[in-house]
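Let's take a walk through a protein structure together. Keep the 3D view open and find each spot as we get to it.

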Amino acid sequence: KDKRLGFSYSSDFSTTALDKMLHQAVINAGYNDRDEANHFPGPQPGYRDMALYDATLGQRSLADKEQLAVQTEQIALAADKRVVRIERAGYEEGETEIWLANSNGLAGYQRGSYCGVYALALGSDGQAQESGSASDITIFYDDLSPEKAGRLTAERAVQLLGAKPVKTQVADLVLDPYITMQMMGIAAAAFSGEAVLKGRSLFNGKWGESVASPLVTLIDDGTLADRLGSAPFDGEGVSCQRTVLVEQGILK
């Protein structure tokens, strides 16, 4: 309201509680500062039909799901003799439903699911001990791989055994995908519209300039099929899309 944002929430879905929640959100908006960048989008041309939900998830037996966790543990133990113990192994799943609407006529609905297996292992070479964990998380139950999660758990549990410090130097690095993901998670914040509009992004004023090696291309794609981070629309109801952030080192 008046370029001001207000939030409210409820775990009570009765009509009275929902009316109060909406009323409180409008009241709360009055306490915040105006921001000219705040606005609600209108109706979208059409949301992409995406397969993000496994309707069979609730039909699988608990015994079958437990067995996936057991398999993950067994595979991790067998993958390397230096894996001496599995601290824990498990299976998890979840389902989500999202309704989004605003007073500009926008209305959207999406349903999603995920399931996964994971393990935490302890590795030892007789002198030192290290721990490692891994998981395999997918949208569809039939795509789960205890083999993948178990082997990666074992690999991470033993990979630092016998490691030694190195002298300070300039060197090339080969990064594990997990480490690369963590680094990209830090960089991703600088690409958010809010960070740019508020002058908090290190990329401010550098559009069209070289910000990385010509070998670097970064793409934010919320439309990829069968991916946990994909969705037909974002948190404001705008259709998700494929956005090139950096192309051959140039900020786009």
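**A walk along the chain**

Arginine 34 has a relative accessibility of 45%, so it counts as partly exposed. Keep in mind that what you're looking at is a predicted model. Which residue does arginine 34 meet in a salt bridge? Its partner is glutamate 36, and the two side chains come to 2.9 Å, N to O. Glutamate 36 counts as exposed because its relative accessibility is 55%, and the cut-off for that word is over 50%.

That pair has company: a search of the whole structure finds ten salt bridges. Another one joins glutamate 194 to lysine 198, with the closest N and O atoms 2.9 Å apart. Lysine 198 sits at 41% relative accessibility, so it's partly exposed. Further along, glutamate 247 forms a salt bridge with lysine 252, and here the closest N and O atoms are 3.9 Å apart. That still counts, because the limit is within 4 Å. Glutamate 247 is partly exposed too, with 39% relative accessibility.

Now stay around there and look at glutamine 248. You'll find it in the loop between strand S5 (242-247) and strand S6 (250-251). With a relative accessibility of 56%, glutamine 248 counts as exposed. What is its phi? It's positive, about 50°, even though this residue isn't a glycine. Why point that out? Because most residues other than glycine have a negative phi.

Lysine 3 does something of this kind as well: it isn't a glycine, yet its phi is positive, at about 65°. To spot lysine 3, go to the segment before helix H1 (15-29). Its relative accessibility is 29%, so lysine 3 is partly exposed.

Next stop, helix H4. It covers residues 177-188, which makes twelve residues. From its first C-alpha to its last, H4 reaches 16 Å, close to the 16 Å expected at 1.5 Å a residue. Take a look at the start of H4: a side-chain oxygen of aspartate 176 reaches to within 2.7 Å of the backbone nitrogen of tyrosine 178.

Tyrosine 178 also turns up in a nonpolar surface patch of about 610 Å². Its other members are Leu173, Leu175, Ile179, Met181 and Met183. If you want a place to begin looking for the patch, try methionine 181, which is in helix H4.

Step back along the chain to valine 166, in the loop between helix H3 (146-158) and H4. Is valine 166 buried or exposed? It's exposed, because its relative accessible area is 68% and anything over 50% gets that label. Try finding threonine 153 as well: it's 13 residues from valine 166 along the chain, and their C-alpha atoms are separated by 25 Å.

Let's finish with the cysteines. A disulfide is a covalent bond between the sulfur atoms of two cysteines. How many disulfides does the count come to? Zero, going by the rule that a pair of cysteine sulfur atoms must be within 2.5 Å. You can still compare two cysteines by how much of them is covered. Cysteine 115 has a relative accessible area of 0%, so it's buried, a word that needs a value under 20%. Cysteine 240, on the other hand, is partly exposed because its relative accessible area is 23%.

Terms used:
Residues are numbered from 1 along each chain as its sequence is written. This is a predicted model: local features need pLDDT of at least 70, side-chain atom pairs count only at pLDDT 80 or more; totals for chains, interfaces and linings use all residues. Side-chain values use heavy atoms; hydrogens and water are left out. Buried means under 20% relative accessible area, exposed over 50%, partly exposed in between (1.4 Å probe, protein chains only). Helices (H or I, at least four residues) and strands (E, at least two) are DSSP runs, numbered from the N terminus. The expected span of a helix is 1.5 Å times one less than its number of residues. A polar contact is a pair of N or O atoms within 3.5 Å; within protein, one must be able to donate a hydrogen and the other to accept it, and residues adjacent in sequence count only if both atoms are side-chain atoms. Patches are made of residues with over 30% relative accessible area and no salt bridge: like charges are joined within 9 Å, nonpolar side chains (Val, Leu, Ile, Met, Phe, Trp, Tyr) within 5 Å. Accessible areas come from the Shrake-Rupley method with a 1.4 Å probe; for residues, only the protein chains shown count as cover.
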